[in-house]
Amino acid sequence: MTGRWKRKRPVFEDADRSLKVLFVPWWYPNKDRYEPSRGFILRDHIKAASAYEKINVLVFRPEVSPGSESCIRKYTQKGIGVIEITPPVTGSKFLDHLGERIYWHRGLVLALRSWGRPHVIHSQDMASFHAVRSASALGIPSVVGQYWSGFQRRIVTPALKSRFRRAFKSARIILVSRQDGARDLRRYRITGDVRWLPPSIDTEIFNPLHKTRQSRDLVHISSFGENERVEDVIDAFQRVRSSHPGTVLRLAGDGGWRHELERYAADRLPKDSYSFTGYLDSEKRAGLLKASAGFVYPSMKNQHSIDLIEAMACG
C-alpha cells in the first residue's frame, strides 16, 4: 500500500522480544510531597506497562526554584526503579545550564550502571532535550512522547522551538496524544515519524461491570485547566438543580484553577449541591463514575482526554 497508509518500518527488528526501556518523563509525581496533577496517571501507565516490558524511570527536574536543594537519589516506587535528578538553580543562566548538563550526565551514568543498557530511551516533552542527545551519542534508539499542550495552544517560544526541533529531529518516533498532533508540530516546522498513540485505560478497572447507579450525581473529572470550561459546568448545573433538586455535582481532580473554581461554585450553588473531591486514584475514579448518573465534559481542546475515555468505558 502507498500514501498515508503505507506500512511503516518497525522500530525494532525483533518486535516479539521484551524491551528494556529507560523512561525519562517531564511530568512525574514527587516521592516526598503531593503536587496536584503531576503525572499520577502517567505513573499508573508505567506500572501497567511494566507487566510486559522492563521499565525504569529517570526523572529530571530542572524546573525548580532558586536555592532548592540539588540531589540525585535512587529508590523504588510501586515496584518501579526510579532515579530522580534535581540540579542546582542559582539564577544565573550560564551556571544553571552547566549544572543541568552535569547533573543529567551523572544521573544517566548511575542509571546505566544500575539497570544496564536499555534497548530504547523514551523521553517526554522537554525531558527530550537532554535524553535524545544522550541516546544518539550512545547509539540507543530514542522515542519521544509529545503531550504538552503548548503546541496546541501555540505558545511555544522561539527558544523552545529551537530545542524541540533539535531533539525531535533525532528521535526514531514521535508519539502524540492527539490526532491533530502532527499538524500542531508542523506549524513549528517540526517533522519526523509522527504517530498518534491514543490514551489507554485499564479495562480491568474501567468497565461497565458492577455498576451501582444508586445516585443521581453528575461527575466532572479534569485538571481544571483553562480549556476545560468548568465554569460552564457549574453554570449549567444551576439549571439542573432547579428541576432536579436532589442532584449533586462531583468535581474530581486537582491543579489548574481549582481554588478559583471552588470560589466560583460557592457563589452560585448551594453548599450541599456540589463537592470538590481532589485527586482520585484509578479505583476511586471508576467507583465514582459507575455510581453516577452522568459524566459532564465540555472541554474545548481535549476531545480524546483520558478522563473522557475512562467515563465512556464505565458506561
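Hi everyone. A contact, for this talk, means heavy atoms within 4.5 Å. With that in hand, let me start at Met-300, which touches Glu-226, Asn-227 and Arg-229 once residues up to four places away in sequence are set aside. Arg-229 sits 71 residues from Met-300 along the chain, yet their C-alpha atoms are separated by 7.3 Å. Met-300 itself belongs to the loop between strand 12 (294-295) and helix 10 (306-313). Is Met-300 buried, partly exposed or exposed? Its relative accessible area is 47%, so Met-300 counts as partly exposed.

Before going further, please keep in mind that this is a predicted model. The mean pLDDT of the protein is 85, and 87% of the residues score at least 70. Over residues 1-10, though, the pLDDT is below 50, and that stretch makes 6 contacts in the model beyond near neighbours in sequence. Among the secondary-structure elements, helix 1 (residues 40-49) has the lowest confidence, with a mean of 72, while strand 10 (residues 249-252) has the highest, at 95.

Now the overall picture. The protein has 315 residues, and 44% of them are buried. Its secondary structure consists of 10 helices and 12 strands. If we take contacts between residues at least 6 apart in sequence, 69% of them join residues at least 24 apart. The exposed surface comes to about 17,200 Å², with carbon and sulfur atoms supplying 52% of that area.

Let's turn to the strands. A quick reminder: strands of a sheet pair through backbone hydrogen bonds, either parallel or antiparallel. Strand 10 takes part in an open sheet of 4 strands, ordered 11-10-9-12, with parallel pairing. Which strands form its edges? They are strand 11 (274-278) and strand 12, each of which pairs on one side only. Inside that sheet, strand 9 (residues 218-221) and strand 10 run parallel and are joined by 4 bridges. Val-219, for instance, has Arg-250 in strand 10 as its bridge partner.

Elsewhere, have a look at strand 1. It is largely enclosed by the rest of the structure, because 4 of its 5 residues are buried. Strand 1 pairs with strand 2 in the parallel sense over 4 bridges, and Val-21 stands opposite Ile-55 in strand 2. Strand 1 is also joined to strand 5 by 4 bridges, again running parallel. Here Leu-22 has Ile-121 in strand 5 as its bridge partner.

That brings me to helix 3, residues 128-138. Which of its residues are buried? The list is Ser-128, Phe-129, His-130, Ala-131, Val-132, Ser-134 and Ala-135. What do those buried residues pack against? Their partners are strand 1 (20-24), strand 2 (54-60), helix 2 (93-115), strand 5 (120-124), strand 6 (142-146) and helix 5 (158-169). Ser-134 makes a nice close-up: its relative accessible area is 6%, so it is buried. Leaving out neighbours within four places in sequence, Ser-134 is in contact with Trp-104, His-105 and Leu-108. Just after the helix, Gly-139 adopts a positive phi of about 75°.

Helix 3 also leads us to the aromatics. The model holds 10 aromatic pairs. One of them is Phe-129 with Phe-164, an edge-to-face pair with 5.0 Å between centres and 75° between the planes. Phe-129 is in helix 3 and Phe-164 is in helix 5, 35 residues apart, so the pair links distant parts of the chain. Both rings are tucked away: Phe-129 counts as buried at 8% relative accessibility, and Phe-164 is buried at 0%. A second edge-to-face pair is Tyr-274 and Phe-276, at 6.1 Å centre to centre and 85° between the planes. Tyr-274 and Phe-276 are both buried as well.

Back at Phe-129, that ring belongs to one aromatic cluster with Trp-148, Phe-151, Phe-164, Phe-168 and Tyr-188.

Last, two arginines placed over rings. Arg-106 lies over the face of Tyr-103, 5.0 Å from the ring centre. Arg-268 lies over the face of Tyr-264, at 3.5 Å from the ring centre. Thanks for listening, and I'm happy to take questions.

Key: Residues are numbered from 1 along each chain as its sequence is written. This is a predicted model: local features need pLDDT of at least 70, side-chain atom pairs count only at pLDDT 80 or more; totals for chains, interfaces and linings use all residues. Side-chain values use heavy atoms; hydrogens and water are left out. Helices (H or I, at least four residues) and strands (E, at least two) are DSSP runs, numbered from the N terminus. Buried means under 20% relative accessible area, exposed over 50%, partly exposed in between (1.4 Å probe, protein chains only). Accessible areas come from the Shrake-Rupley method with a 1.4 Å probe; for residues, only the protein chains shown count as cover. pLDDT is the predictor's confidence in each residue, from 0 to 100. Rings of Phe, Tyr and Trp (its six-membered ring) pair if their centres lie within 6.5 Å; planes under 30 degrees apart count as stacked, over 60 as edge-to-face and the rest as tilted. A charge sits over a ring if NZ of Lys or CZ of Arg is within 6 Å of the ring centre and within 35 degrees of the ring normal. Two strands pair if DSSP finds at least two bridges between them.
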